[in-house]
Amino acid sequence: MSRANDIGFISMPGARASAYMDVFSELGKFPSCIIKLHNPHLDRTLTALKNISQSYILMENDEESLSRKAEIPCYPVECTNINDDEVLSLLKKTGIKTWIFSGGGIVKPHFFEAGIRFLHVHPGQLPEVRGSTCFYYSLLCDNTLAATAFFLTEEIDAGESIACSHFKVNLPADTLDSHYMDYVIDPWIRAQTLKPVWQAWPNITDMQKKKTSIRSHAPSSRPCYVMHPLLRAMAINKVVKRFDPTRPIGLYEHE
């Protein structure tokens, strides 16, 4: 077991945070501390995950149990948004300048002005595919699925890439739906992209030099935020139609 003393974890409890904690436990490498935000919708997320088979998210860790296992402090706060003054005050009090970000809002400029930086994993290939719903659009546009680890900047989805990973989906219609896309695929591809970065941390310079041979394309130059339910259904249906029962079923990283 090891700890990275120069980086902490800000957890917005939910599927993504759980997937990240799975990575910490799997590698036996932990952040120096955890700040736990308050997610008022956590029960809904946990219920959805418990009802999903082949979830890929173990749900064996929560913030408190992970802090005990790793012997690191956990600071729960009642804030539902990362931009709350209490969060910034706590970040400054810890003295830690770099944090793994797992949600909680769009980070406002005063955090960057305070010298805080956030390691974030975006569900798309940057800079080509931007926006919160972009993995739906890339699947719909050119059948690519990717995630990019990078440091947040004041401009959304514009930070320098650390690493980008591409993935394949081979799942049948009775498994793949919008819940599976949002509660499993999205957090899982982010966690799998975080994994090699976390394993190498803090020595990530060589990772930034590597280029992926696969490229994703967005439907336009605009960020992909709002997605009409019909487009969402079309994206899922397109993935389902490509299901091949003769090949391994599940989610896979491109080699």
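# Close-up views of a predicted chain

**View 1. The whole chain, before zooming in.** The chain's secondary structure adds up to 9 helices and 10 strands. Its radius of gyration is 18 Å, close to the 18 Å that the globule rule gives for 255 residues, so the chain is as compact as a globular protein of that length. Keep in mind that this is a predicted model. Along the principal axes, the C-alpha atoms fit in a box of roughly 50 × 35 × 35 Å. Of the 255 residues, 52% are buried. Looking at contacts with a separation of 6 or more, 78% are between residues 24 or more positions apart.

**View 2. The surface and the charges.** About 12300 Å² of the chain is accessible surface, and carbon and sulfur atoms hold 51% of that. As for charges, the chain has 27 positive and 28 negative ones, and the mean positions of the two sets sit 4 Å apart.

**View 3. Helix H1 and the glycine that follows.** H1 covers residues 15-27. Its 13 residues should span 18 Å at 1.5 Å a residue, and the end C-alpha atoms are 19 Å apart, which agrees. Mostly this helix is covered, with 10 of its 13 residues buried. Among those buried residues are Ala15, Tyr20, Met21 and Phe24. An α-helix has 3.6 residues a turn, so residues three or four places apart point the same way. After H1 comes Gly28, with a positive phi near 65°.

**View 4. Leu194 in helix H7.** Leu194 belongs to helix H7, which runs over residues 178-200. How much of Leu194 is accessible, in relative terms? The value is 0%, so Leu194 is buried. Leaving out residues up to four places away in sequence, Leu194 touches Tyr20, Phe24, Leu119 and Val121. Two of these partners, Tyr20 and Phe24, are buried residues of H1. For a longer reach, take Leu139: it is 55 residues from Leu194 in sequence, and the two C-alpha atoms are 21 Å apart.

**View 5. Two cis peptide bonds, each leading into a proline.** One cis bond runs from Leu126 to Pro127, with omega near 5°. Pro127 lies in the loop between strand S7 (117-122) and helix H6 (134-142). The other cis bond joins Trp201 and Pro202, where omega is about 5°. Pro202 sits in the loop between helix H7 and helix H8 (205-209).

**View 6. Positive phi at Glu71 and Asn143.** Neither of these residues is a glycine, yet phi is positive, near 60° for Glu71 and about 60° for Asn143. Glu71 is placed in the loop between helix H3 (63-70) and strand S5 (74-76). Is Glu71 buried or exposed? Its relative accessibility is 63%, so Glu71 counts as exposed. Asn143 is in the loop between H6 and strand S8 (146-151). With a relative accessible area of 40%, Asn143 is partly exposed.

**View 7. Gly104, a covered loop residue.** Gly104 is part of the loop between strand S6 (98-101) and helix H5 (109-113). At 14% relative accessibility, Gly104 falls under the 20% cut-off, so it counts as buried. Which residues does Gly104 touch, not counting those up to four places away in sequence? The list is Met12, Leu37, Thr80, Asn81 and Ile82. For Asn81, the C-alpha to C-alpha distance from Gly104 is 4.9 Å, across 23 residues of sequence.

**View 8. Cys134 in helix H6.** Cys134 is found in H6, a helix spanning residues 134-142. Its relative accessibility is 0%, so Cys134 counts as buried. The C-alpha atoms of Cys134 and Ala147 are 9.9 Å apart, and 13 residues separate the pair in sequence.

**View 9. Pro248, out in a loop.** Pro248 occupies the loop between helix H9 (229-241) and strand S10 (250-253). At 56% relative accessibility, Pro248 counts as exposed. Leu171 is 77 residues away from Pro248 along the chain, and their C-alpha atoms are separated by 9.1 Å.

Notes: Residues are numbered from 1 along each chain as its sequence is written. This is a predicted model: local features need pLDDT of at least 70, side-chain atom pairs count only at pLDDT 80 or more; totals for chains, interfaces and linings use all residues. Side-chain values use heavy atoms; hydrogens and water are left out. Helices (H or I, at least four residues) and strands (E, at least two) are DSSP runs, numbered from the N terminus. The radius of gyration is taken over C-alpha atoms; the globule rule is 2.2 Å times the number of residues to the power 0.38. Buried means under 20% relative accessible area, exposed over 50%, partly exposed in between (1.4 Å probe, protein chains only). Contact means heavy atoms within 4.5 Å. Accessible areas come from the Shrake-Rupley method with a 1.4 Å probe; for residues, only the protein chains shown count as cover. Lys and Arg count as positive and Asp and Glu as negative; His and the chain ends are not counted. The place of a charge is taken as NZ of Lys, CZ of Arg, CG of Asp or CD of Glu. The expected span of a helix is 1.5 Å times one less than its number of residues.
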